[in-house]
Structures are given as structure tokens and as C-alpha cells.
Amino acid sequence: MRVLRTALGVVTLTTLCSGARAQENLAQKPAGPDTQATSPAPVAVSLKRAIELALQNSKEIQVTKIQASVADHAAQITKAQFMPNLYAGSGAGYTNGIPETPGGRAPSVFNVTYTEQVLNEPLRGQSKEMQEQAKAQKVALEEAKSNVISRTAMAYLELGKVRHSLELLRAEQDSAEKILQVTQERQSQGFELPVEVTKAQLIKARVVQRILQSEEREDELEVFLKYQLGLPETQAIEVSPEDLPGEAELAGDNLVAAALANNTGLRLAESDVRAKEFRLKGERRGYFPTLELVSIYSVLAKFNNYSEFFNRFQRNNYNAGIDMHVPIFSAQIKANIGLARVNLDAAKASLTNKRAELTAEVRQKTRRVRETDAAKEVARLELQLAQQNVAVLQAQFGEGKLNLRDMEKARLEENDKWMAYLDANFRKQQAQLDLLKTAGQLDKVWQ
């Protein structure tokens, strides 16, 4: 049957095709106690709920979280050198001659060492650089979430479109079959040429081809959504035709400002510049003195022959002080500064290009949304015109002024316009999602 759907402003064809398919599948399977276990009831999922499930079950997000955790721990390694570090150990060994070890320290039965960096600007610069890189991983996590939302929403909307298209195509198949039957009857009576039969067969074959292609795409989207949502493979999914929330309709200028503030790619580029600035600042201060607190306690043994080489033997020894280095000339520091400066210049250039490209990209995608919206309106009006034409022809058919074949051809044209409208609507939704993702607003639409 056909009913009026005010949200689209056109008459909408609605059927229970999914339910019919489920009944056909059940009819083909033998009834038994395991039927319910092997064929669970379809679960209805809204677009918002699908996104929530995808965010909870996404493997990409889990991997990105692990990478962020790795970056946090890596940043703590360098930072830990500016904190107290206490080590205990032993340097016991046989000596013949002056007691010493490869490290320059005296052999000891037991020793305790304390170290803490107090002033080391190059090392501090590296530490701040790694901390900034750890913060950038949190931005990468937001980007991963945005990718999951975009892919899930796109697949959900396309699955709804494909299933609606399949309903229309099956109706087209019925019309094509009726046209073929009428044409064959007229050809057998000598009222039609064989070429007309071939044309009718071609129309039917094309519809069957499109049905097979749509069913294949439906299966692909179902498998993808089940994986994204964490559902079992045997679980059927029911989707509902939805439009994007009203928050998706934003002005172009607002989106440019939002993109410059929230685009994850731009934020990563800005974070990279800050990290390189920390590194350059630290390398430039490499000419400053370095200062480290050191303390050593050691227990010595007489079997290392200390009494033969020193005036007095002391078993317990403790030393505490500072280890200070003042660079007078260092080619390595100069080279480090040059490398850090080049890296910073490259990061700044990349950031400048990213801002210019992002502004142009947002404006381009804003125009794309407007174009697809206009194309959707054209498709809607063409569909409305085709429906009005069918209504006129239906009246003529009821009065006997029109034959069945012409009536079914008009319905085929109406279905084609329906298909064109569904495609135009989906293209607009695609353009909206792409624009919102670029502007960094995708996650805010479903909050």
C-alpha cells in the first residue's frame, strides 16, 4: 500500500518486506526445537544506539587507547630521571693489584647508589617533547572515535537505503513480469513484434540484476555492522530509515571556525609544533651547566687487598655530592640545536598548510552539501510528478481507457524515481557526515 509521509513531503511506499523475507526463511527451514536457537529474533537498532555500540566494541579504539597508554609510559621514562632513583647492588670480585672495576669504582661487597637530575635542560626538553606527544595520542583517540562514528553511521544509513530499494525493486520485478506476460500474449496473437518481447525481457533481466546487486550489498553492510556493533553473526539487524539530527545543519562560516578549533588533524599538527618548540628550547639551553645529585654507600672487603695499596682500610664508606658539567665547546650541542630548529620549521610549515587546506576543504564540502540538497529536492519533485502521473493513469485504467502494460510501465517509472530519490537522499547524508567529520563536530551531533 502507499501512504503519505510528511517528513519527506512525498507519498512513500511502505511494505513489510523484511518481515515477509523472515517468514519465507522460516518456512523454508524445518520446524524443530532448535529453530529458535539457530535463528534469533531480529534486533531493532536505532542509529544513535548503533553508534553507542560501535564505540563500545571498536577494536580500532581499543588499539588507540593502548597506544596512548604506551605514549604516557614512554614520557614517564625521561621524566623519571629528574626524580630520586635509588639502586642497591654488589661489585664483589677477585682482584690482583690495585682494586678497581671496569666502571672505575672500587670493588664492594654491597653498595647503594642514589641519583637525581637537578639541572639538565636538553634532557628536560626531551621530556616535555615526549609529554606533548603523549597528549597528541589522546587527540588521535578522538580521531579514532570520529572514524568509527562516521563508518557506522554511513553503513547504517546505506543499509536502510538498500533495504528500501530492495522493496521497490521487488515491486518493479512484479511489474516487469506483468509487462512481459502481456507482451508475449499480444505477440502470440500477432499484435506485437518479437522485438517488443525482447525489450520486455531485457527490462525484467535488468531488474533481477539490480536485485542481486542490492542483496549482495545488503549482506556486506549487515556483516560490517554486526562486527562494528559486537553482535553475533547469526543475529539479524533491523534498521529504521532516519535522517541526521538537526544539529548537522550548520552554516559554512560556523563550520570553518569549528574546524580550526576542533579538527583532529589540525590539533595534531599544533601539538607537533609545541613538541618541537620544547625540544629546541631544551637544546638551546644545552650550553647551561648540568647538575646531578649523587650519593654512594659501599661496604668493602679486605680480600680485595685495600691495605696493600692504601694507608688505611675502612669497611663502610659513604660519599654524597653533586656531579656538575659546564660545556665550554661542544660540536654536538650545536648540531642538536640545528636539527631541532629544522624540525620545528618543518612542523610550522606543515601547520600553516594544514590550516589553509582545512579552510578550503570545509568550504568545498559545505558547497557539496548544498549541491546534494538541491539534487535531493529535484529528485523529490521528479518522484512527486511521477506519482501524480501514476494517479492519473490509474484513473484512466479504472475507466478502461488504458491497458495494463502502460499502467505497469508508469509504475516502473515511479519506482525508478523512488530509487533516484533514495540515492539523492543518501548522497546528501554522506556529504553531511563528511563535512561534520572534517569540522570535528561529528561526535557532538549525537550527544
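Two strands pair if DSSP finds at least two bridges between them. By that rule β4 and β5 pair in the antiparallel sense, over 5 bridges. The model is predicted. This briefing covers an open sheet of 4 strands, a packed pair of helices, α5 and α8, and helix α11, residues 404-438.

**The sheet**

- The strand order is β4-β5-β7-β8, with antiparallel pairing.
- The edge strands are β4 (85-89) and β8, and each pairs on one side only.
- On average, neighbouring strands are turned by 15° against each other, direction ignored.
- Within the β4 and β5 pairing, Leu86 has Tyr114 of β5 as its bridge partner.
- Strand β5 (residues 110-119) also pairs with strand β7 (residues 290-299), in the antiparallel sense and over 9 bridges.
- On β7, Ile296 is the bridge partner of Thr113.
- Strand β7 in turn pairs with strand β8 (residues 316-325), again in the antiparallel sense, over 10 bridges.
- There, Val294 has Gly321 of β8 as its bridge partner.
- In a regular strand, side chains alternate between the two faces of the sheet.

**Helices α5 and α8**

- Helix α5 covers residues 121-188 and helix α8 covers residues 264-284.
- They pack at an angle of about 175°, and their axes are 7 Å apart.
- Angles over 145 degrees count as roughly antiparallel, so α5 and α8 are roughly antiparallel to each other.
- The contact of α5 with α8 has 11 charged, 7 nonpolar and 6 polar residues.

**Salt bridges**

- The whole structure holds 30 salt bridges.
- One salt bridge joins the side chains of Arg274 and Glu132, at 3.1 Å from N to O.
- Arg274 sits in helix α8 and Glu132 in helix α5.
- The two residues are 142 apart, and the pair links distant parts of the chain.

**Helix α11**

- How far should the 35 residues of α11 span at 1.5 Å a residue? The expected span is 51 Å, and the end C-alpha atoms are 51 Å apart, which agrees.
- The expected value is 1.5 Å times one less than the number of residues.
- Asn403 caps the N-terminal end of α11.
- In this cap, a side-chain oxygen of Asn403 lies 3.3 Å from the backbone nitrogen of Arg405.
- Just after α11, Gly440 takes a positive phi of about 70°.

Key
Residues are numbered from 1 along each chain as its sequence is written. This is a predicted model: local features need pLDDT of at least 70, side-chain atom pairs count only at pLDDT 80 or more; totals for chains, interfaces and linings use all residues. Side-chain values use heavy atoms; hydrogens and water are left out. Axes are lines fitted to C-alpha atoms, for helices over the stretch in contact, and angles run from 0 to 180 degrees between N-to-C directions. Angles under 35 degrees count as roughly parallel, over 145 as roughly antiparallel, 65 to 115 as roughly perpendicular and the rest as oblique. Ala, Val, Leu, Ile, Met, Phe, Trp, Tyr, Cys and Pro count as nonpolar, Asp, Glu, Lys and Arg as charged, and the others, Gly among them, as polar. A polar contact is a pair of N or O atoms within 3.5 Å; within protein, one must be able to donate a hydrogen and the other to accept it, and residues adjacent in sequence count only if both atoms are side-chain atoms. A salt bridge is a side-chain nitrogen of Lys or Arg within 4 Å of a carboxyl oxygen of Asp or Glu.
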